[in-house]
Amino acid sequence: MKHIINLYENINNTARNNSDCPHVVLPEEIFFIISIIGVLENLIVLLAVIKNKNLQAPMYFFICSLAISDMLGSLYKILENILIMFRNMGYLKPRGNFETTADDIIDSLFILSLLGSIFSLSVIAADRYITIFHALQYHSIVTMRRAIVVLMVIWICCMCSGITMVIFSHHIPTVITFTSLFPLMLVFILCLYVHMFLLARSHARKISALPRANMKGAITLTILLGVFIVCWAPFVLHVLLMTFCPSNPYCACYMSLFQVNGMLIMCNAVIDPFIYAFRSPELREAFKKMIFCNSYH
């Protein structure tokens, strides 16, 4: 996306000259290696849930949705590197029709990754809320059919939104919409947390009687959310600064860290599967069986 994704190419030259901060450049090989690891790790998560019937529950389907989002983010960087390689080798005409179309498709994957992560974390938060405060009715409220319908609606909305954002990426309202989804997701989950805290105070005994797995799921969500914020917030801030203060030397100084911010996004896809494995004994056992090629029983 010319306005949102390739921001470092559009940094105002005057601002760059007025800033004493050097442009931080990271080797593309590092991005490529981390992206490959991210794709493989999240693919293992998907295969573990698909092959293990014990994991085919709404909660793990929501985790798969987040894994797909992470995988798309890694795949975006892999395809971008391949496109750049072909262009440098002379197989693609710079700024030609094919490269422009391929660039838009690849950028759609990036937008899809962010939107998918936002909505997947939100639906996981709602799932944890229902698990804790409506434990007895959980299986009647969160059925497999409803979970699949919710995920289908989410991904259809994400795909439509991603395509729209790429087409209108050069418009300011698009940038505002793109960046506002991030804090809106945080506000939604924060409201759930505040409500959970208030209910927990008035239902302390009932909460303490819940299975430890229910509370453990809420803690896992908190860790996933914290990692997501740390990895994505610098990039979202970069988009805002690039849009509203591109000529300011202080903004330009922060924007010189664009590739570092991009690296954090790639790391998010690598870290999340470790969180699943560390927090879920069922997933951890499924990973071991897959890695060591043991048969499922």
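D272 is found in helix α11, which covers residues 258-279. The model is predicted, and every value here is computed from it. Is D272 buried or exposed? Its relative accessibility is 2%, so D272 counts as buried; the cut-off for buried is under 20%. Which residues does D272 touch, beyond those up to four places away in sequence? They are L66, D70, L224 and V227.

Next comes helix α3. This helix spans residues 58-88, and S65 lies in it. S65 has a relative accessible area of 3%, so it is buried too. Setting aside neighbours within four places in sequence, S65 is in contact with S120, L151 and W155. S65 also sits 9.0 Å from L121, C-alpha to C-alpha. In sequence, S65 and L121 are 56 residues apart.

Two of the contacts of S65, L151 and W155, lead on to helix α6. L151 and W155 are among the buried residues of α6. The others on that list are A147, I154, C158, G162, M165 and V166. Helix α6 runs through residues 144-167, 24 residues in total. From its first C-alpha to its last, α6 reaches 35 Å. That is close to the 34 Å expected at 1.5 Å a residue.

Now the charged pairs. How many salt bridges does the model hold? The count comes to three. One joins the side chains of K77 and E28, at 3.9 Å from N to O. This pair links distant parts of the chain. K77 is in helix α3, whereas E28 is in helix α2 (residues 28-51), 49 residues apart. Their surroundings can be compared by accessibility. K77 has 10% relative accessibility, so K77 counts as buried. E28 has 31%, so E28 counts as partly exposed; partly exposed lies between under 20% and over 50%.

K77 has another partner. Its side chain meets that of E80 in a salt bridge of 2.7 Å, N to O. Both residues lie in helix α3, three residues apart, about one turn of the helix. K77 is buried, and E80 is buried as well.

A further salt bridge brings together the side chains of D127 and R128, at 2.6 Å from N to O. D127 has a relative accessible area of 3%, so D127 is buried. R128 has a relative accessible area of 5%, so R128 is buried. Which residues do shared partners join into one network? They are E28, K77 and E80, through their salt bridges.

Definitions and conventions. Residues are numbered from 1 along each chain as its sequence is written. This is a predicted model: local features need pLDDT of at least 70, side-chain atom pairs count only at pLDDT 80 or more; totals for chains, interfaces and linings use all residues. Side-chain values use heavy atoms; hydrogens and water are left out. Helices (H or I, at least four residues) and strands (E, at least two) are DSSP runs, numbered from the N terminus. The expected span of a helix is 1.5 Å times one less than its number of residues. Buried means under 20% relative accessible area, exposed over 50%, partly exposed in between (1.4 Å probe, protein chains only). Contact means heavy atoms within 4.5 Å. A salt bridge is a side-chain nitrogen of Lys or Arg within 4 Å of a carboxyl oxygen of Asp or Glu.
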